[in-house]
Structures are given as structure tokens and as C-alpha cells.
Amino acid sequence: MPPSLVLLPVLIPLAAAPVALLLSARPRWQAGWAVGAMATSLVSSALLLAHVWRSGPPLVLAMGGWRAPFGIVLVGDLLSAVMVVMAQSVLLAGILYAVGSREKVVAYPTFYPLFLTLAVGLTGAFLTGDLFNLFVFAEVLVFSGAILTANADDPYGTEAALKYVYISLLASAALLLAVGSLYVAYGTLNMADLAARIAASPAGTSDQPLLGVAVALLLVTFMVKSAVFPFHFWQPDFHAAAPTAVSAMLSSVVVKLGVYGFLRMTTLLFPAQRPQIAPLLVALGIVGVVYGGLSAIGTHNAKRMLAYSTLAQIGFILVAIGWGTPLALAAAVIFTVNHSLVKSAMLMLAGFVASRAPVKTAAFAVVQGVGKAMPAAGALFLVGGMALAGIPPTNGFISKMTVFRSGVEAEQWWALLLLGVASIFTLIYVTRAFMRIWWQPPVGFTYAGKTFAADEIKAKPYGDRLLAPALLILAVLALGLWPTPLVDLAMAVSRWLGSPAPYIAAVLGS
Amino acid sequence: MELLTALAIGSLFGIAVFQMLRRNVIRSAIGVILLGNAINLFLLSTGAYRGANPAYADLATPRSDPLPQALVLTAIVISMGSLAFLLSMLYIVSARYETSDMDEVTGLRN
């Protein structure tokens, strides 16, 4: 395989976005073009994953022909390839949902181009081997998501996007300060070169006082990116106000950028600082699991509930990364992939219900009882809910089981107890959402000045399409019934992350 | 020179954070601008003391490091775009609530 294969998952959506903008006069062509571009891009990233998984060493592409420590490199190693395939599968499902959606924002001429640049930002951030380049791709990601949300049908979309842009600007500031600190201390921004130089001058020596500052700033950056507990306050507003197709992406794959950052920090860049980083990740993860679960029980809106649930599920991943044993890292990867599939499907189903509710919102008071007319969505929601709570035969069971097993192996009994208790919260809020939408009779409500009596509440006969969530739930069931390939892949990722030396050799040697 | 740069960066950061926390939307946008400038100055200072000449101008004397200058250039472009977007959103939100006080923008709290 030529190393340029690693460029394709970034280049295809990047080249397709301006073309999609030119097609804005013909909305159907534009939608078809976006679906085609995303599908092609997914094929190229799947080829990348297949190649890297089979052969082992990463594909390294030196952009513009400048060798590794000097120029910018794209590195397609096993972790990046898994993240990219996961992200692009979910993004393709998101575009499919948007095609079948009746939201006004989908008819906006720059909707599909911005969706494609969202894919560029996410894919590029996963594949780049340069810290400053990571900043650039993260900005592309932030602004694509913010513009899409600011134009949402939800009346508070602009406010939520404003909040997100402010907090993201702070995260960007932290990332740039970390970049500057690392550059002045080590004279390089290439991640492999940086890892080699940090390992050569270990911590504790007084010659690099800026290292600790850089670690702290990078931690803050990635915590904002994946909405970890003290930096989470923008997330439920932003994810609930976004258009359904976009909120399904934001709450599933976009938050995984921070998870990817934590994996890279603890295994590649700062393995010597692991003992200081790991307890923080475990503690914040457990706080996130408990707080997210309790908040999800306390909300009155299905989309908000799922956004808070993301807070809890990211917590599980952080705890696994914090434990850091080979099995725990594999569990983190399995949980990351499974959560992306489940959460995007669940948000799409919540949006589907909202699109057919008498008033377009996912508030429980409004959507209560409207599910009677859509049993298929109810069945999909039930399976997705089982996956969120970790009940077999869904992939959520596999991910929770591997996390708990790695905890038993690492003998973290207190953490396991708290995680087990918090898992019950998931069961409570998912069951309650299902009961209220599909089981209980509708009650009258007043929303935005209009009053509806209980007997006038009927689901609209038209709404969004169910294809995309159905495909995702199919993947959820398939990965639950036949988990071996994913588990093998995650174990291979975990072995690859075991030592930073092969990564450094592959990048700097070429 | 080092002391002067350090003082400039530090005071810019202080003013920026203070302004960003103000309730007036324009003041908080000014805070964002100042924060961007403080970071750019910090990035520039990481390569400023290796020599006074520009890179490749004169190979005999010590030359300044060109990489931070390239980083700053990129960061300026990005911060300009993000500032334009931020200002347009502040305009929409303040027009919708007919106020310039961020504390009165309360749509999401209910």
C-alpha cells in the first residue's frame, strides 16, 4: 500500500466540501454528492485499517516531502485507523439521517459542506502526527459544529453555540500555550520526536520546568473537548440544541477527540508522567459517571438526557484509560467504538420522535405517549437502551464487561463498586424514557404558549426517516452477538499502545 | 528585552481574562481579541532569542527561529475567522434579547 492512503480519509471530504457548496442550487444532487463522498472516504479509511491491522507498522506520509521531525506528517497507526473508521461510519449514518430529515436546517445551502468539514476536522485530528496541526484540525471541527448548531431549528441554538465557541476558544488557548511551552522546552512539535525527546530527559529533573505546565494545559484541552466533569457545563445545552443529525455526531464521535488525546498522552507523549495523570483520570471519570447518571435521571428532555448520558459513558472510558493495564486500554477502545454507535442511534431516535411530536421538541411532557404510532422506533430504542445500560445481547454488554473485567484484574474494588452502582442509573433513565414515550398515555401540556389537551395529542403521519438509526442499531446487535473481531482489534490496539518505541521508530525512521 | 516581553505577555493575559469575564458583550469580545494577541506574543517569544536576523538573510550571524513565526501566522488567521464568527453570534444574541448584558441572555436556563 502506498503511504498516500493515509491522506485519503482527510482529502476526500476536504475536496468534496467546496464541490458540495457549488451544488447548493440543486439540493438533491448536493445530498447525493455528500453521501457519496462520505462513503468513499469510509472505504478508504477501512482500507487503511485493514492494511495497518494486517501489516503492523503505521503508514506515515510526510506532507510536501519534508522529512518527519521537520515537516508535518500524517500517521495512520492502529489507534488512529480504528478511531477514523469509527468516526466515518457514524458520520456516514449522520449524513443518511440528514438526507431523510425534515428539519429546516438541512435545506440550508451550507449544511452538507459544513458536515463534510466536520468530518475533515475530526479525521485530520485523529490522523495528524503534529501537535500544531492537531490544533488547526480541532478548530475546523469546532467551527463546523458551532455553525451547524447556530443555525438549528431549536430557538436556543445560537445561544448554545455561543457558549460552545467561548469554551472552545479557551480550550484552543490552552492547546496553543501547551504547544508553545513544549516547543520552547524541546524544540519540536512532531509528536513522535517530542515523545523521544521527553523520554530522553525524564521528569523530576529541573531542566524542563515547562513540561508540567504543558501536561496540565493539554489535559485541560482534552477535558473540554470530551466534556469531562468540571468542563462539562456547555455540553448538554449544545448537544440538545443542535440539529438531530449533528447532535448525534457531536455527542458520539466528536467527544471522542478528547478520549483519543488522553490515549496519546498516557501512552505516547508522557508515559513517564502517567502516575500523576492516571489518578486524576480515574477520579474525574468516576465523578462523571455518577454525576452524569444522576443528571440524566433529573432532566425533562430526551435529547438532554442522552447528552448527560454521554458524560457518564465518557467517564467509563476515562476510568479504563486511567487504570491503563493492557486489558483496560483494550476495554477503553471497545467502549469508545460501541458508545459511538449506540449514542448516535439513540439521539437519532430521540430526534425522530421529536420530528413527529405535535410540537417539535424532545421534552418528555410533549412526547409522552406519541410513540404508540411508531412501534418500529420503539423496538430500536429498546435495543439501544439495553446497549446503553449494558444488557446482552448488545455491544454495550461487551464494553461494560471488558471494563469491569479489567477493573477486577487491576483490583480496583472501590472504583468498581461505584461504577456498578452508577450503571443502575443508566437502567433507570433509559427505562423511564422508553416508558414515557412508548408506554404511558399522553397527558395535556402547554408548550411555548400553546396548550394541547390529552386527546388532541397525536403523532404526525410524517417525519424523519428511520434508516440511519436502524443501520446503527443493526451494527450494535451485530457487535453484541459477534464481538470477536472488535475485541481482537482492540487487543491489537492495546498491544500497539504498550510501548511508544515502534511509533517513534516508524515516524522518525522514514 | 526578556523582562519587557514577559511583562507585556503577562499583563495582556491579565487584562484579557478580566475583560472576558465582563458582562458586556463587546467587552468580552475585546477580551477574546486580547487573549489571542497574548498567545501570539507568547508563541513568538518562544523563538525570539536565538538571533535578531530573519532566517536565511545572513548565514554567518545567529538567525531567529522561523517556525514560531509560521505558527503565529496560522494562529492569527484562525483567530480572525473565529472572531468574526463570534462577533456575528454576539450580534444575533444581543439583538434577540435587546440587551448588551450577558446576564440577561437566559433562554437556556429555563
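A residue is called buried under 20% relative accessible area, exposed over 50%, and partly exposed in between, with a 1.4 Å probe and protein chains only. Ser4(A), with a relative accessible area of 37%, is therefore partly exposed. This is a predicted model, in which local features need pLDDT of at least 70 and side-chain atom pairs count only at pLDDT 80 or more, while totals for chains, interfaces and linings use all residues. Residues are numbered from 1 along each chain as its sequence is written, and side-chain values use heavy atoms, without hydrogens and water.

Ser4(A) belongs to the segment before H1 of chain A. Between its C-alpha atom and that of Ile297(A), 293 residues along the chain, the separation is 47 Å.

Helix H1 (residues 8–22; helices are DSSP runs of H or I with at least four residues, numbered from the N terminus) contains Leu14(A). Leu14(A) counts as partly exposed because its relative accessibility is 43%.

The interior is described by its cavities: on a 1 Å grid over the protein atoms alone, a cavity is a set of points where a 1.4 Å probe fits but cannot get out, and lining residues have an atom within 4 Å of a point. Five cavities of 30 Å³ or more are present, and the largest has a volume of about 120 Å³, a volume being the space filled by probe spheres set on grid points joined across faces, edges and corners. Among its 15 lining residues, Tyr164(A), Val224(A), Lys225(A), Trp234(A) and Val254(A) are the closest to the centre. H6(A) gives the most to the lining of the largest cavity, four residues.

Note on methods
Chains are lettered from A and ligands numbered from 1 in the order in which they are written. Helices (H or I, at least four residues) and strands (E, at least two) are DSSP runs, numbered from the N terminus. On a 1 Å grid over the protein atoms alone, a cavity is a set of points where a 1.4 Å probe fits but cannot get out, and a pocket is an open set with protein on both sides within 12 Å along at least five of seven lines; lining residues have an atom within 4 Å of a point.
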